[in-house]
Amino acid sequence: MVCSQHLALCPPFTSRHEFSSGENVKPFTPEKAKEIVMSLQQPAVFCNMVFDWPALHWNAKYLSEVLDGKKIQFRMGMKKRDTAPQFETKCNYVEATLEEFLAWTCGQPTCVSRPFSCYDFSKYWTYADYKYIAMIFEDKTEIFKDIMWSDFGFPGRNGKESTLWIGSAGANTPCHLDSYGCNLVLQIQGRKRWHLFPPGNTTFLYPTRIPYEESSIFSKVNVVNPDLKHYPQFRKAQAHVVTLNPGQVLFVPRHWWHYVESIDPITVSINSWIELDADHKARVEEAVTRTLVCAIKSAENPSRVDAWLNPTEVEATSHEINLQYLNGAMSAYLEYQKVTVSEDRDPSTHDTEKEASSYKRRKIEVNTKPEDYKSWTHEAGFTVVKAKKLEKIPFGVHLIPVLPQSQEGNSVGAGAVESDARDLLSENEEGHFGKLRCSGKQSVMSNDCETLADQTDADSNANSSQMAISTNDLLDCLVNPQVINLVTGLLLERERV
């Protein structure tokens, strides 16, 4: 379905004092919000759901005071537009405080922003991305309660199960999909633009597992500046684009592709990945992928191996350990199925969803024993909460669907028409819009400013100069999501016999 409507969304953060009724009433109860989250099949923006969250005051200046000089890692990227994505393996990294980050974004002298001194603000962006709040605030645990995902029907979930993202204008996350769970994202400071694509567009986005990172499938396409000569199928991709404003919460459904970019000088956002029942099988698929990628890449000539392991993957795991991962994930899935069949026989357990304290990657530690894998289905933190599926989603001024772009605006991916979450819903306000780590560590911790520019230039010419089939080309076929799904099905069927 092609929609040329200019999607109009709710205004930015509305304070509790601005409701006409004079009552501090949120548009959805926690139970209703959870039903919506578990029923939505498309991205949507929740409005007026977090007006009383203390986390709304978590701007970069406030966080710099709370962290009190603590250094965190920032990723450095180039603002110039190439047709190749800026993967994390192509970036430089610096350790800096938020005070130094703020000084750099304000153009203060290098003596104040020393770690960023060789990066021209007009040419570079920086991103303190994927920071587990439980880790960076490990000595200030009282701050966790500032985040209240219980308002969305997830009792007990707060900052401990959330991730912090702080960036400058242009900071971005390459287009990818998350193998596990669905995603709730709160925008706190500045605006971010999200380019989302449905799971059915996977083929058009040219999926790859290089760089390798558990739970992330990357796209070879730079969706904001695509190389249509090398990736012509991307013309068929249907982008859903939304600008997320402070005080708004974006819901990203399972397996939706997304590219995210900061569009204001400083942005701060918080997210939490919600674990789903479907993740049990996804862990088997990820274990199959890990085993194949590590085995094949480790067999390459070390002198010619590219930076294939994402910086987030720091564990050196052997083939034997990867097979332990695989066997453990399969055992956990089969155990989960037994529990599910048992629950299906009891009508009182129908229409339920499990939730757990989870990060994006719920990995097995290297030293985990095979018998420990079964605990995945019974681990502490799991509760069973009623999650009735809704036949129709109550879209309106408080819940705005992120609709696809017009065909004209989408011909090169993410061009013209987009949702802007600052306007008011202009059509059908009260109605419904329809139904529903592998062998060896790799270091990219370079502080050489020139290196980053050289890498970016070289990467833009890689496609034209490489004609023969490479190891990565082979892997793109072997670990294609469709192939992995088939292999996983065959392995599970083999175990059931």
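This section describes the sheet, two helices packed on it and the aromatic contacts of a predicted model.

In the predicted model, nine strands form an open sheet with antiparallel pairing, and their order is E3-E2-E4-E5-E14-E7-E12-E1-E17. The edges are taken by E3 and by strand E17 (399-401), each of which pairs on one side only, and from one strand to the next the twist averages 25 degrees. Within this sheet, strand E7 (residues 182-189) and strand E12 (residues 249-252) are joined in the antiparallel sense over four bridges, and Leu 184 has Phe 251 in E12 as its bridge partner. Helix H2 packs on the sheet through contacts with E5, E7 and E14, and its direction makes about 75 degrees with that of E14. Helix H3 also packs on the sheet, where it touches E2, E3, E4, E5 and E14, with its direction at about 30 degrees to that of E5.

The surroundings of H3 were examined further. Seven of the eight residues of H3 are buried, and the helix is thus described as mostly covered; the buried residues are Leu 98, Glu 100, Phe 101, Leu 102, Ala 103, Trp 104 and Thr 105. What covers these residues includes helix H2 (60-67) together with several strands, among them strand E2 (72-78), strand E3 (92-96) and strand E14 (266-274). After H3 comes Gly 107, which has a positive phi near 75 degrees.

The structure holds 19 aromatic pairs. One of them is formed by Trp 104 and Phe 121, whose ring centres lie 4.9 Å apart with 85 degrees between the planes, an edge-to-face arrangement. Because Trp 104 belongs to helix H3 (residues 98-105) and Phe 121 to the loop between H3 and strand E4 (124-132), the pair ties together parts that are 17 residues apart in sequence. Trp 104 is buried, at a relative accessible area of 4%, whereas Phe 121 is partly exposed, at 26% relative accessibility. In the pair of Trp 149 and Phe 152, the planes stand at 55 degrees and the centres are 6.0 Å apart, so this pair is tilted. Trp 149 is buried with a relative accessible area of 0%, and Phe 152 is likewise buried, with a value of 0%. Ring pairs join these two residues with Phe 28, Phe 46 and Trp 53 in a cluster.

Charged side chains also meet aromatic rings. The charged end of Lys 26 sits over the ring of Phe 51, at 5.3 Å from the ring centre, and Arg 157 lies over the face of Phe 154, 5.9 Å from the centre of that ring.

Methods:
Residues numbered from 1 in each chain as written. Predicted model: local features only at pLDDT ≥ 70, side-chain atom pairs only at ≥ 80, totals over all residues. Heavy atoms only, no water. Phe/Tyr/Trp six-rings, centres within 6.5 Å; stacked < 30°, edge-to-face > 60°. Helix = DSSP H or I, 4+ residues; strand = E, 2+ residues; numbered from the N terminus. Buried < 20%, exposed > 50% of the residue type's maximum accessible area, 1.4 Å probe, protein only. Lys NZ or Arg CZ within 6 Å of the ring centre and 35° of its normal. Contact = heavy atoms within 4.5 Å. Pairing = 2+ DSSP bridges. Axes fitted to C-alpha atoms, helices over the stretch in contact; angles between N-to-C directions.
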